[in-house]
Amino acid sequence: MRARTTRLFGLASLAAFCALPALAAPMEIADLAKIRHAGNLVVSPDGETVAYTVSVPRNVAAGEDDGSADTHLWVIRGDNEPVRYIGGEGSISGLQFSANGNEIYFRTKRDGDAHTALYSISLTGGEAEKVYEFETSLG
């Protein structure tokens, strides 16, 4: 429990530290496209691994199409640096560790999916695999 609390405090401190440069200069409208935020934070059953998402807004000023932010999956294991497990276009939500802590489950809509489906990715690496889909999007 203490390790989990320490890790969560560390992640919150990192987020606050990353926000310090924003305090150095007044915010401009163009800065809105650069604001990223973390969310969906979950801790593994053993308290040693943290998974979270980072939302990256589209930069319309740089020529990107208008639309929803892309959401990337990041993982921190032990005292290591965060690692991006899934990036690119699209949205990831509903993070949950497997009971043994070896996989992360999440909802997303990938190429070829008609609706949002349930996927998993192993912490040892590899491509995410579809676990379950339904005739409508999963919640």
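Modeller: A contact means that heavy atoms lie within 4.5 Å. The model before us is a predicted one, and this cut-off will serve when we turn to I92.

Biologist: Before that, which secondary structure elements make up the protein chain?

Modeller: The protein chain contains one helix and eight strands. Along the sequence, the order is α-β-β-β-β-β-β-β-β.

Biologist: Where is I92 placed, and is I92 buried or exposed?

Modeller: I92 sits in the loop between strand 4 (83-86) and strand 5. Buried means under 20% relative accessible area. I92 has 5%, and therefore counts as buried.

Biologist: Which residues does I92 touch, leaving aside those up to four places away in sequence?

Modeller: With that exclusion, the contacts of I92 are N40, T53, T71, H72, L73, I86, F106, R107 and T108. A separate value concerns Y119, which stands 27 residues from I92 along the chain: the two C-alpha atoms are 9.7 Å apart.

Biologist: L73 appears among those contacts. What does L73 itself touch, with residues up to four places away not counted?

Modeller: L73 touches A51, Y52, V83, R84, Y85, I86, I92, L95 and I121 under that exclusion.

Biologist: How should one read a nonpolar core, and which residues touch the most other members of the largest one?

Modeller: The general idea is a set of buried nonpolar residues joined through their side-chain atoms. Here the largest nonpolar core has 15 residues, and those touching the most other members are A51, L73, I86, L95, I104, F106 and I121. Strand 3 (70-77), strand 5 (93-97), strand 6 (103-108) and strand 7 (117-122) each give two or more residues to this core. Strand 7 supplies the largest share, three residues. Another core, of five residues, lies apart from it and includes V50, V54, V56 and I76.

Biologist: Turning to the surface, which residues make a nonpolar patch?

Modeller: M27, I29, L32 and I35 make a nonpolar surface patch of about 430 Å². One of these residues, I29, belongs to the loop between helix 1 (2-23) and strand 1 (37-43). I29 counts as exposed because its relative accessibility is 70%, and the cut-off for exposed is over 50%.

Biologist: What share of the whole protein chain counts as buried, and how much area does the chain expose?

Modeller: Of its 139 residues, 26% count as buried. The chain exposes about 9,100 Å², of which carbon and sulfur atoms supply 54%. As for contacts between residues at least 6 apart in sequence, 30% join residues at least 24 apart.

Conventions. Residues numbered from 1 in each chain as written. Predicted model: local features only at pLDDT ≥ 70, side-chain atom pairs only at ≥ 80, totals over all residues. Heavy atoms only, no water. Core = buried A, V, L, I, M, F, W, Y, C linked by side-chain atoms within 4.5 Å. Buried < 20%, exposed > 50% of the residue type's maximum accessible area, 1.4 Å probe, protein only. Helix = DSSP H or I, 4+ residues; strand = E, 2+ residues; numbered from the N terminus. Patch = residues over 30% accessible without salt bridge, like charges linked within 9 Å, V, L, I, M, F, W, Y side chains within 5 Å. Areas by Shrake-Rupley, 256 points an atom, 1.4 Å probe, with all protein chains shown as cover. Salt bridge = Lys/Arg side-chain N within 4 Å of Asp/Glu carboxyl O.
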